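Me: I am new to this structure and should like to learn how its features are read. May we go through them one at a time?

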Amino acid sequence: MEKGVFQALKKDGSIYYRASFTFQNKHISLGSFPSQALAHIAYNEAVSLSHNSNITLSDYKPEVHTLSFSKWVTIINFRDNHLYFKTPIYLRPKYFEYYLTQELILKFDVDDLFFYSTHTIMKRGGHLFVADYGMQLNILNRYGIKNFAVPGKDYRFVNGDDTDFRYKNIDIINRYYGVTKNDQNGRIRYNVKIHINGDFFIGLFRTETEAAIAYNKAVDILSERGIAIRYTKNYIDGMNAKDYMEQYEKIKIPEKIRGYNP
């Protein structure tokens with residue numbers, strides 16, 4: 001058997017080959033291959049990557065190379081930065097890159113390194129998500145961006161790069177469900193609506209917190225009226241129950257909502 005190649009059996013009894021190598025005292029799996037020859041080519045490719053610092057990620061050509069691009073990222077990062085990650089991460093000064101593909105590169109703060117080194121990012125239907133405790137978690141949620149939030153209206157990327165998820169680059173405009181920030185010549189107000197069979201106006205409020213509570217109160221009223229829609233209520237971070245209820249009681253909800261018949 002060629003160096004770095006191991007024969008294995010599938011459940012149906014057919015033979016396949018696994019390749020692996022050891023670098024900086026770490027044993028690294030390179031994947032499965034249909035032939036011994038391909039597995040050995042993958043082994044030699046990995047050895048070359050780990051010892052030749054002139055090879056960079058831009059040298060990868062899928063029609064030429066046997067290893068996957070993500071495996072190139074993990075090996076080259078390990079070679080250059082002496083840290084091994086199973087996910088396709090390359091460390092840069094003060095941030096890191098996550099390579100979804102050779103062309104699609106996401107940027108994150110180092111504070112997120114542990115999370116993304118243990119969670120694989122996937123893309124489906126234009127959405128980026130990870131599997132977390134058996135659930136699909138939209139990565140936008142990690143940054144306070146709600147599901148169905150509208151870019152440019154509810155949040156924006158400060159430098160215009162929607163692949164840059166560094167915290168300083170994410171500006172949350174509307175944090176709460178049903179709440180829209182309005183700037184009228186420097187006068188900030190928060191417009192609150194709830195969707196039933198169209199948008200119903202709840203009110204215009206001076207503070208974002210008050211607006212979020214107003215939305216919650218409208219949800220409670222509609223639930224009591226027997227509406228079948230399942231609304232997600234706003235969680236007000238850093239507010240105790242007493243202060244919440246004081247504001248809740250003061251807020252008046254329009255009759256059109258209080259008297260709504262499903």
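Me: Which residue in strand 14 is the bridge partner of Ile-194?

Reply: In this predicted model, Ile-194 has Phe-200 as its bridge partner in strand 14. A general idea helps in reading strands: along a regular strand, side chains alternate between the two faces of the sheet.

Me: How many bridges join strand 13 to strand 14, and do the strands run parallel or antiparallel?

Reply: Strand 13, residues 187-195, and strand 14, residues 199-205, run antiparallel and are joined by 6 bridges.

Me: What do strand 13 and strand 14 form, and how many residues lie between them?

Reply: The two strands form a hairpin, with 3 residues between them. In the turn, Gly-198 has a positive phi of about 140°.

Me: Let us turn to charged side chains. How many salt bridges does the count come to?

Reply: The general idea is that side chains of opposite charge can pair when their charged atoms come close. In this model the count comes to 10 salt bridges. One of them is between the side chains of Arg-142 and Asp-112, at 2.8 Å from N to O. This pair links distant parts of the chain, 30 residues apart. Arg-142 lies in the loop between strand 9 (135-138) and strand 10 (155-157), whereas Asp-112 lies in the loop between strand 6 (105-109) and helix 3 (113-118).

Me: Is Asp-112 buried or exposed?

Reply: Asp-112 counts as buried because its relative accessible area is 1%, and the cut-off for buried is under 20%. Its partner Arg-142 is partly exposed, at 30% relative accessibility.

Me: Which residue forms a salt bridge with Asp-171?

Reply: Arg-156 does, with the closest N and O atoms 2.9 Å apart. Here too the pair links distant parts of the chain: Asp-171 is in strand 11 (residues 170-172) and Arg-156 is in strand 10, 15 residues apart. Asp-171 is partly exposed, with a relative accessible area of 27%. Arg-156 is also partly exposed, with a value of 38%.

Me: Where are Arg-175 and Glu-208 in the chain?

Reply: The side chains of Arg-175 and Glu-208 meet in a salt bridge, at 3.4 Å from N to O. Arg-175 is in the loop between strand 11 and strand 12 (179-184), and Glu-208 is in helix 4 (residues 208-224), so numbered by counting from the N terminus. The two residues are 33 residues apart and link distant parts of the chain. Arg-175 is partly exposed, with a relative accessible area of 39%, whereas Glu-208 is buried, at 15%.

How values were computed. Residues numbered from 1 in each chain as written. Predicted model: local features only at pLDDT ≥ 70, side-chain atom pairs only at ≥ 80, totals over all residues. Heavy atoms only, no water. Pairing = 2+ DSSP bridges. Helix = DSSP H or I, 4+ residues; strand = E, 2+ residues; numbered from the N terminus. Salt bridge = Lys/Arg side-chain N within 4 Å of Asp/Glu carboxyl O. Buried < 20%, exposed > 50% of the residue type's maximum accessible area, 1.4 Å probe, protein only.
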